Amino acid sequence: MANITKLYDTPPYQEQDSDSKDYKKKLLRHRAGKGAKYLIGAVVVLCGCLVFNVWSRNKTYTTYETAATVEHSSTVNTLYTEYNGKLLKYSRDGISCIGSNNEVIWSQTYNMQNPMVDICQSAVAVADQQGNTVYVFDAQGAVTEISTLLPIQQISVSAQGVTAILLNDSTVSWIYLYDKEGNKLAESRCSLDETGQPISIGISPDGAKLAVSYLQVQEGAAASCVVFYNFGSVGSNFVDKIVSSKVYADTVIPRVKYIGKSTCAAISDQSIIYYEGAEIPEEKNTVTVDSKIESIFWGDGRIGIVTLGDDTIEEAEEETGRYQVDLYDASGRQILFRKTDLEYSQVKLSGKYLILYNENECEIYSEKGVLKYKGSFDSVIADLYKGNGRNKFVLVFSDRTETIRLR
């Protein structure tokens with residue numbers, strides 16, 4: 001009988017399975033370790049980004065560098081205002097839209113004694129206060145010219161170029177509404193004895209609704225009546241297109257302004273009143289103001305006021321300052337509170353920043369109320385607004401425009 005040699009103590013396929021299992025375990029451990037390293041790295045990077053963002057949001061800058069300077073010339077009475085990242089330059093002789101490199105995008109000459117400007121998105125209206133001429137522009141330039149017989153008191157333009165004009169005579173006032181081609185859409189005659197004296201108008205961005213504040217006399221005392229007109233299909237179902245109104249006794253409301261598509265704010269000497277409604281605006285909220293309102297400003301669905309600060313509160317945490325700045329969103333919720341001693345001449349919102357300045361000094365705050373920069377300049381400031389880029393702002397002087405970067 002032949003001898004049979006035993007080559008394997010265990011079947012070969014069992015050793016192969018064992019080797020394969022060991023290899024797979026090592027591979028899984030390697031991949032797990034590599035994945036853990038990537039995960040830890042990602043967490044470190046994320047934490048670093050979060051720390052940097054927190055640091056950046058709360059950082060106050062003490063100096064700046066000039067990134068670019070563009071020379072220009074202007075007359076003594078030239079005024080400037082921010083316009084969709086560009087600059088509007090206007091005076092008694094004309095108006096121009098200036099780009100970031102000082103290039104003229106569009107311009108229009110005229111002869112006005114006291115030009116005033118209203119802006120809604122890309123639409124611009126300029127009128128001669130107490131004069132008889134209105135020009136309406138869009139992003140490309142002049143759209144129409146409107147002439148009036150009575151002196152102009154106020155204008156309000158919608159995003160589509162529909163323009164409301166308040167005209168005053170010695171005994172009667174008129175409110176006219178024009179489309180962007182200059183065609184008259186509606187008119188309303190107003191007198192103190194009948195409707196009250198209109199003192200402020202505000203048109204909605206879509207041009208369909210108009211808010212008017214009327215000054216009235218009731219029982220020998222001043223009162224205000226806020227009236228909303230609707231020039232769309234809904235308004236045709238109401239007498240004189242008046243869809244809502246409300247009288248406020250012992251109150252003067254010198255300003256009404258649409259701060260959103262369907263949100264309007266009325267500012268009195270005692271409060272900010274919010275109205276909401278796509279077709280029929282109704283009062284939704286009231287913010288009571290305890291101190292005298294010194295200034296009003298708005299932008300991007302927000303409205304702000306400056307009042308005289310109350311330094312009688314003796315708390316260690318309480319901010320001190322001559323002026324108090326409060327900013328509210330479209331629902332009336334306070335989103336910013338600061339106090340300052342800066343004797344400002346202008347206060348504005350530019351992008352997500354609150355800016356106050358006078359001839360030579362400025363303060364810039366973030367949307368959270370963090371002081372980002374406080375400083376002074378050698379030249380007289382004509383305008384100051386947020387530029388394109390991180391920490392970049394545009395300073396306008398009478399002879400040059402500087403783009404600065406906070407450091």
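Okay, let's start with glutamine 324, which is buried, at a relative accessible area of 17%. The cut-off for buried is under 20%, so that's why glutamine 324 gets the label at 17%. One thing to keep in mind all the way through: this is a predicted model.

So where does glutamine 324 sit? You'll find glutamine 324 in strand β24, which covers residues 323–328. Its side chain has a polar contact with the side chain of aspartate 326, at 2.9 Å. Then there are the contacts from further off in the sequence, leaving out residues up to four places away: glutamine 324 touches Ile305, Val306, Thr307, Leu308 and Gly309, and also Phe337, Arg338 and Lys339.

Next up is serine 224, over in strand β16, residues 221–230. Buried or exposed? Serine 224 counts as buried, with a relative accessibility of 0%. What does its side chain reach? That would be the backbone oxygen of threonine 251, at 2.9 Å. Threonine 251 also turns up among the residues that serine 224 touches, and that list includes Tyr214, Lys246 and Tyr248 too, again not counting residues up to four places away in sequence.

Right, on to a sheet. Here we have an open sheet of four strands, in the order β10-β11-β12-β13, and the pairing is antiparallel. Why do β10 and β13 each have one side without a neighbour in the sheet? Well, β10 (152–157) and β13 (184–190) stand at the edges, and each has a single partner strand, so one side of each is left free of a neighbour in the sheet. On average, neighbouring strands here are turned by 15 degrees against each other, ignoring direction.

Zoom in on the middle of that order. Strand β11, residues 163–168, is joined by six bridges to strand β12, residues 173–178, and the two run antiparallel. In that pairing, asparagine 168 stands opposite serine 173 of β12.

Just before β10 there's a loop coming from β9 (141–147), and leucine 149 is found in that loop. Leucine 149 counts as exposed, at 86% relative accessibility. Leucine 149 and leucine 167 are 18 residues apart in sequence, and their C-alpha atoms are 8.8 Å apart in space.

There's another antiparallel pair I'd like to show you: β6 (residues 115–120) and β7 (residues 123–128), joined by six bridges. Cysteine 120 stands opposite alanine 123 in β7. This is a hairpin with two residues between the strands, and glutamine 121 takes a positive phi there, near 55 degrees.

Last topic: the aromatics. The count comes to twelve aromatic pairs. Take tyrosine 229 and phenylalanine 231: their ring centres are 6.3 Å apart and their planes are at 10 degrees, so we call the pair stacked. Tyrosine 229 counts as buried at 9% relative accessibility, whereas phenylalanine 231 is partly exposed, with a relative accessible area of 26%.

Which residues form an aromatic cluster? Tyr64, Tyr373, Phe377 and Phe397 form one. And there are lysines over rings as well. Lysine 59 lies over the face of tyrosine 61, 5.2 Å from the ring centre, and lysine 386 lies over the face of phenylalanine 393, at 5.5 Å from the ring centre.

Key: Residues numbered from 1 in each chain as written. Predicted model: local features only at pLDDT ≥ 70, side-chain atom pairs only at ≥ 80, totals over all residues. Heavy atoms only, no water. Pairing = 2+ DSSP bridges. Axes fitted to C-alpha atoms, helices over the stretch in contact; angles between N-to-C directions. Buried < 20%, exposed > 50% of the residue type's maximum accessible area, 1.4 Å probe, protein only. Polar contact = N/O pair within 3.5 Å; in protein donor to acceptor, adjacent residues only side chain to side chain. Contact = heavy atoms within 4.5 Å. Phe/Tyr/Trp six-rings, centres within 6.5 Å; stacked < 30°, edge-to-face > 60°. Lys NZ or Arg CZ within 6 Å of the ring centre and 35° of its normal.
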